[in-house]
Each structure stands twice: as C-alpha cells, then as structure tokens.
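Please open the structure in the viewer and keep the selection tool at hand. The tour below proceeds stop by stop, naming what to select and what is found there.

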Amino acid sequence: MKIEEGKKGSVSNIEFELPTPILEAVKNPEMYVKLDLFILRGLRSKYSSALYEALKDYQNLNSIRVEIEVLRKLMGVGEKQYSVFTMFKKRVLDRAISEINEKTDISIQYELERAGRKVEAVIFSVSSLLKQATKEEVNQELVSKLKDFGIKDYQIKELLQKHEVDYILANVSVVEQELEKGKNIRNVAAYLMKAFVVDFRPTKPRIQVEKEEKKVEEQAQKKAEEQQLARLKKQFEKDKKRVVEEHLNQLSSSEIEELKAQFLQQVEQSDFLAKVYHKKGFEYHTIQAARHKFLAPQIFPPTLMDFEAYRAVQGENGER
C-alpha cells in the first residue's frame, strides 16, 4: 500500500495492491462457486458444512477422487478422532452425505477405492438438484412457521423489517427446543415475541460451545471404539473356531479320536476342567475353549495366538 500526503498532512492519494488469488477471484468470478448461505445455515453438522463447501465446486464433474487422509482434514476430523475407518464412515461421512442430500441443492453418491482390504480413497459423484431457495421462498417458509406459532400478519411484517431472517429463525429454534423438552408455556405467541425482543439465543462463548461439542464427540468416539473392540473380539473367537473346524475336517476319524484322547488326558490333569467335563460334557463351551487352546500351537497362525496381534493385522488390512 502507498499513501501520498496532500497539503497540511491530508491524504490525497492511496494506492494498494491485491494478492493474486483475490485479484483472480474479482476478475473471474465464474471460477468460484456461489454458496447459498441459507442452505449452509440449515446444515446442523460441521462435517456436512465442510463437505458441502468442498464438493459444491464439483457438481458438474463426473467424479472427484479424494484420499482418506485428505478427506479427514477437509472435513475437520482430528488425527485421533474416528481412527477406525468404519467409524469414520458411519459417524462422519455417511451422516454428512445424508444431511447434504436431504437439505441442499446437490446430491452426492460415492464409492470406496480399496487396495486389498484397505480403503485408500473415496470417489464422489456430485449432481445439481437446482433447488436453491430464493429470498421470497425463504421468507415464505419463515412466515408460515411464524403463523403456526400464532404470530399475526402485522407482527410478522414488523419482524421482517426489524430483524434478519437468521435472527428470527434462531429464536424460533430456541422456543421449539423448549417446547420439545416439555416446558410449560401458556401463551406461545407472546413468549416467542418476547424472544425477538430479549433474544433467547445461547450466549455461551464460542470456545465453550466448541469444547462441549468436542467432549460429546470424544464420548461418542470412545463408545464407538469400545463397540468396535467388542465386535473384533467376537470375530477373533469366530476365526479361531473356524480354523479349528477346517483343521479337523482335513483329518481322518482315527486322527481326530487320537487328538481327542490326548486332549482329554490333559483335561483330567486339571481338577477344574475334569469336573466341568464330567458334569457338562465334551461340547460345553469351557471344554471347547480349552480344546482350542490345546490345538493352538499346532494349527493357529501367529495372529490367532494373540488378540493384540490379530487386532494389529485387522487395522492394517482395514476393518471388515
């Protein structure tokens, strides 16, 4: 920036230079997509907003390929959040796409690109629905909502003249949430009109809101990871059982009986197992678990000898 002073210290001329990206945007506005702020405001999830803004540019292309790590950063997912792809897909990607398809002017479909069993990228196809809301449509929607609450026509006219649409909608949303929670409001219309005067919108500092949102996300992620771990342990036991059955199917009847005799001889050496065996029988789950342990050194690969090793391999190959 260059400032030339005139007489008595007054400014007579100011010269400034815009950075190239801004200059290109001003010169060629058609290069950049226009975002409907009303549509963005209607998206409740930050992941939906981020994905919508990113993919809106590509609504006229057949497809766009985005690698997983790039997609995570693009959607604002932290490094330690939803580290298991199935959880990222279920709680971030699918939910965001579902909300975008329901509430915006574009439709998104996607396919997963895999290398073996590991997901490496997502290939999006984006199409325009041509349903951007005009200002008149937005106002009509708002008018209808206010009338449902018992607000009179002249009051609605005054509100639209005095307040921005976002301000009105935000206060309506607060009252709706209070009603849903069972708050006893005798005169809803009067209460809502008071909201527009007092402003019922939350006044929490943004940092506190973000902190609370992060805590909720972390709790949801922890629960999801615990559920995933439980499923993985169950699959671990299933895989061990499958390997045992496959091994036994390859043996002759005499070989199976010989193995069984060796196993039962070991069972009799344990007071606990012997008692369970004589009381519950050979097929009882405790005895079968002991049988798997007996056969393990002979037939199990290293990944089935230890759950952590099994878990590590599943993580490398991608979740099932």
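The tour begins with the enclosed space: select helix H11 (253–268) and helix H13 (285–299), each of which supplies at least two residues of the lining of the largest cavity. Please bear in mind that this is a predicted model.

How many cavities of 30 Å³ or more does the structure hold? There is 1, and the volume of the largest cavity is about 60 Å³.

Next, display the side chains of the lining. The residues to select are Leu-248, Ile-256, Leu-259, Lys-260, Phe-263, Phe-282, Arg-291, Phe-294 and Leu-295. Helix H11 provides the largest share of this lining, with 4 residues. Now colour the lining of the largest cavity by class: 7 residues are nonpolar, 2 are charged and none is polar.

The second stop is a single residue. Select Val-174, which is located in helix H8 (residues 165–180). Is Val-174 buried or exposed? Its relative accessible area is 14%, which is under the 20% limit, so Val-174 counts as buried.

With Val-174 still selected, add Phe-200, Arg-201 and Pro-202. Val-174 is in contact with these three residues, when its neighbours within four places in sequence are left aside. Finally, draw a distance from the C-alpha of Val-174 to the C-alpha of Phe-200: the two are 6.7 Å apart in space, while 26 residues apart in sequence.

Methods. Residues numbered from 1 in each chain as written. Predicted model: local features only at pLDDT ≥ 70, side-chain atom pairs only at ≥ 80, totals over all residues. Heavy atoms only, no water. 1 Å grid on protein atoms, 1.4 Å probe; cavity = no way out; pocket = protein on both sides within 12 Å on 5 of 7 lines; lining within 4 Å. Points joined across faces, edges and corners; volume = space filled by probe spheres on them. Nonpolar A, V, L, I, M, F, W, Y, C, P; charged D, E, K, R; others polar. Buried < 20%, exposed > 50% of the residue type's maximum accessible area, 1.4 Å probe, protein only. Contact = heavy atoms within 4.5 Å.
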